[in-house]
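Please read the following account with the structure open beside it, moving from one helix to the core and then to the cysteines.

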Amino acid sequence: MIKTEVIATERLSIGVIRLDRPRQLNALNDALMDELGAALLGFDADPQVGCIILAGSERAFAAGADISAMADAGYTEMLMKNYISRNWETILQVRKPVIAAVAGYAFGGGCELALMCDIIIAADSAQFALPEIRLGVIPGAGGTQRLPRAIGKARAMD
């Protein structure tokens, strides 16, 4: 296993990426998204890897965007930095199957990240939500489109 500051990777016949920011419930920030994008592309290029599993912890797959990292930045700064979003499309470039192993919270960006995967395997403890409305914003990584496609409009509205 190779561990960096915010993710851990393993190489088997499958690639395993585990989000590893336990204090922040795996909240997504630039460092995590940069490393996640690099790990995904690395496993995709490796002929020994047949598929990729993306997991969090038992408590949280990913609790959304790291709001504390964004708190002092204005709209223009976030737009110019391409905060988090510069790596959102990386997962969609991966040609190998990406499986989200979800336990605990998959809120906001975490839910959207899981929805970008080809398959979601959810533990009994998995909780999915797009709570951005409570912050007065709309889910910005396609959750409003991917969730109804995955589970139907009625359940998504619920």
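In this predicted model, the buried residues of helix H5 are Gly109, Gly110, Cys111, Glu112, Leu113, Ala114, Leu115 and Met116. Because 8 of the 8 residues of H5 are buried, this helix is largely enclosed by the rest of the structure.

H5 (109–116) is also one of the elements that give two or more residues to the largest nonpolar core, together with strands S3 (14–19), S4 (51–55), S5 (60–62) and S6 (98–102) and helix H1 (30–45). The largest share of this core, 6 residues, comes from H1. Among the 28 residues of the core, those touching the most other members are Ile17, Leu40, Ile52, Leu54, Phe61, Ile91 and Leu113. Leaving aside neighbours within four places in sequence, Ile91 is in contact with Leu40, Leu54, Val98, Leu113, Met116 and Cys117.

Turning to H1, its buried residues are Asp30, Leu32, Met33, Leu36, Gly37, Ala39, Leu40, Phe43 and Asp44. The N-terminal end of H1 is capped by Asn29, which places a side-chain oxygen 3.3 Å from the backbone nitrogen of Ala31. At 1.5 Å a residue, the 16 residues of H1 should span 22 Å, and the 23 Å between the C-alpha atoms at its ends agrees with that expectation.

The cysteines remain to be considered, and the structure holds 0 disulfides. For Cys51, the closest cysteine sulfur is that of Cys117, which at 11 Å is too far for a bond; Cys51 counts as buried because its relative accessibility is 16%. The sulfur of Cys117 has its closest cysteine sulfur in Cys111, 11 Å away and likewise too far for a bond, and Cys117 is buried, with a relative accessible area of 7%.

Terms used:
Residues numbered from 1 in each chain as written. Predicted model: local features only at pLDDT ≥ 70, side-chain atom pairs only at ≥ 80, totals over all residues. Heavy atoms only, no water. Core = buried A, V, L, I, M, F, W, Y, C linked by side-chain atoms within 4.5 Å. Buried < 20%, exposed > 50% of the residue type's maximum accessible area, 1.4 Å probe, protein only. Helix = DSSP H or I, 4+ residues; strand = E, 2+ residues; numbered from the N terminus. Contact = heavy atoms within 4.5 Å. Expected span 1.5 Å × (residues − 1). Polar contact = N/O pair within 3.5 Å; in protein donor to acceptor, adjacent residues only side chain to side chain. Disulfide = S-S within 2.5 Å.
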